[in-house]
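Colleague: I am still learning to read models like this one, and I would be glad of a close look at a single part. Could you take the sheet, and then walk me through what lies around it?

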Amino acid sequence: MDSEYVIALTTFPADQDAVEFARILVDERLAACVNICPEMVSIYRWQGAVEQDRERQVIIKTTQARVLALWERIRALHTYDVPEFVVLPVADGSDAYLRWIAESTTG
């Protein structure tokens, strides 16, 4: 991946504490910012059946350098057998905001 900055996506069960999950990621400098979207309904195929659950989309702003550690931490904290983990490169952004992401994820 060529981009130094990325947005990682995961989902979190609606009945679990996504705020604590997000705080851990920011406290450990794995993320500069984590957005927790309102509850949504997810419909998906799992083990041969179509399932439906209430979840929250979690949007994580970080750097490419922190992706592996972020993924390891998400796997450790998450209750799903196969948590969503999708990483999208940031093609461009304001210099000040991107610098803030870098500063917030190092130290």
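Modeller: What follows goes through the sheet, then the helices, and then three loop residues. Please keep in mind throughout that this is a predicted model.

The sheet is an open one made of four strands, and if you trace across it you meet them in the order β2-β3-β1-β4, with antiparallel pairing. At the edges stand β2 and β4, each of which pairs on one side only. From one strand to the next the twist averages 30 degrees.

To see one of these pairings in detail, take strand β1, which covers residues 5-13 and is joined to β4 by four bridges, the two strands running antiparallel. Within this pairing you can find I7 standing opposite L88 of β4.

Two helices also belong to the picture. Helix α1 packs on the sheet, where it touches β1, β2 and β3, and its direction makes about 120 degrees with that of β2. Helix α2 packs on the sheet as well, touching β1, β3 and β4, and the angle between its direction and that of β3 is about 145 degrees.

After α2 (67-77) comes a loop that leads to β4 (86-89), and H78 is located in this loop. With a relative accessibility of 7%, H78 counts as buried, because the limit for that word is under 20% relative accessible area. If neighbours within four places in sequence are set aside, the residues in contact with H78 are T10, T11, F12, P13, F21 and P83. With T11 there is a polar approach too, since a polar atom of the H78 side chain lies 2.7 Å from the backbone oxygen of T11.

Two other loop residues deserve a careful look at their backbone angles. R29 sits in the loop between α1 (18-27) and β2 (33-46), and although R29 is not a glycine, it has a positive phi of about 60 degrees. Q47, in the loop between β2 and β3 (49-63), is likewise a residue other than glycine with a positive phi, here near 50 degrees.

How exposed are these two residues? R29 has a relative accessible area of 36% and is therefore partly exposed, while Q47, at 68% relative accessibility, counts as exposed, because that word is used for values over 50%.

How values were computed
Residues are numbered from 1 along each chain as its sequence is written. This is a predicted model: local features need pLDDT of at least 70, side-chain atom pairs count only at pLDDT 80 or more; totals for chains, interfaces and linings use all residues. Side-chain values use heavy atoms; hydrogens and water are left out. Buried means under 20% relative accessible area, exposed over 50%, partly exposed in between (1.4 Å probe, protein chains only). A polar contact is a pair of N or O atoms within 3.5 Å; within protein, one must be able to donate a hydrogen and the other to accept it, and residues adjacent in sequence count only if both atoms are side-chain atoms. Contact means heavy atoms within 4.5 Å. Two strands pair if DSSP finds at least two bridges between them. Axes are lines fitted to C-alpha atoms, for helices over the stretch in contact, and angles run from 0 to 180 degrees between N-to-C directions.
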